[in-house]
Amino acid sequence: MAQVVVEIHLPLVETRVRLLDDPGAEVAPEPGLEVEFGWIAVVEDYLAKREESGEFELYSDGEEIGGDYLFFLTGADEQTLLAIAADVARLPGIPPGAHAIVTDDESDETGTGRHEPLPQR
């Protein structure tokens, strides 16, 4: 049986984000540093913390595809996964134009499925 996957598509646009903690020394060597594309680290940290609660799973690592940076969620119902995607779209520094694609783990191609708009900050 196919498992629901929600792809979070975030435009790969430089925005400067002040990181409040150190999600990775290679990204931000000191707390409070402003980092270009810092929102990627913010999203990774946010999703890792939420995943620990057990409400969903990360389907695979984030990746750059066609001018977007994608994160993949699974392990919960569609409504829950879309709510998490909406929370991501509201995080500080997220570029405008975020959207989600609802698909499943049997899909052969990334970015194919039902398009769902996400809230803009």
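Which strands does α1 lie across, and at about what angle does α1 run to β5? The views below start there, and please keep in mind that this is a predicted model.

**View 1. Helix α1 lies across three strands of the sheet.** The strands beneath this question are β1 (4-11), β4 and β5 (68-74). Relative to β5, α1 runs at about 0°. Helix α2 also packs on the sheet, where it touches β1, β5, β6 and β7. The direction of α2 makes about 15° with that of β1.

**View 2. Five strands form an open sheet.** Reading across, you will meet the strands in the order β4-β5-β1-β6-β7, and the pairing is antiparallel. At the edges sit β4 (57-65) and β7 (114-117), each of which pairs on one side only. On average, neighbouring strands of this sheet are turned by 25° against each other, direction ignored.

**View 3. Strands β6 and β7 run antiparallel.** Here we look at the pairing of β6 (residues 99-104) with β7, which are joined by four bridges. To find your way along the pair, look for Ile-101, whose bridge partner in β7 is His-115.

**View 4. A salt bridge links helix α1 to helix α2.** The side chains of Arg-50 and Asp-87 meet in this salt bridge, at 2.7 Å from N to O. Arg-50 belongs to α1 (residues 38-52) and Asp-87 to α2 (residues 78-89), so the pair, 37 residues apart, links distant parts of the chain. Is Arg-50 buried or exposed? Arg-50 counts as buried because its relative accessible area is 19%, and buried means under 20%. Asp-87, at 27% relative accessibility, is partly exposed.

**View 5. Four charged side chains share a network of salt bridges.** Which residues are linked in it? They are Arg-50, Glu-55, Asp-87 and Arg-90. Asp-87 forms a salt bridge with Arg-90, and the closest N and O atoms of this pair are 3.2 Å apart. Arg-90 counts as partly exposed, with a relative accessibility of 44%.

**View 6. Arg-114 and Glu-116 form a salt bridge.** Their closest N and O atoms are 2.8 Å apart. Both partners can be placed by their accessibility: Arg-114 is partly exposed at 39%, and Glu-116 is partly exposed at 23%. If you would like to keep a tally while browsing, the structure holds six salt bridges, among them the Arg-114 to Glu-116 pair shown here.

Notes:
Residues numbered from 1 in each chain as written. Predicted model: local features only at pLDDT ≥ 70, side-chain atom pairs only at ≥ 80, totals over all residues. Heavy atoms only, no water. Helix = DSSP H or I, 4+ residues; strand = E, 2+ residues; numbered from the N terminus. Buried < 20%, exposed > 50% of the residue type's maximum accessible area, 1.4 Å probe, protein only. Pairing = 2+ DSSP bridges. Axes fitted to C-alpha atoms, helices over the stretch in contact; angles between N-to-C directions. Contact = heavy atoms within 4.5 Å.
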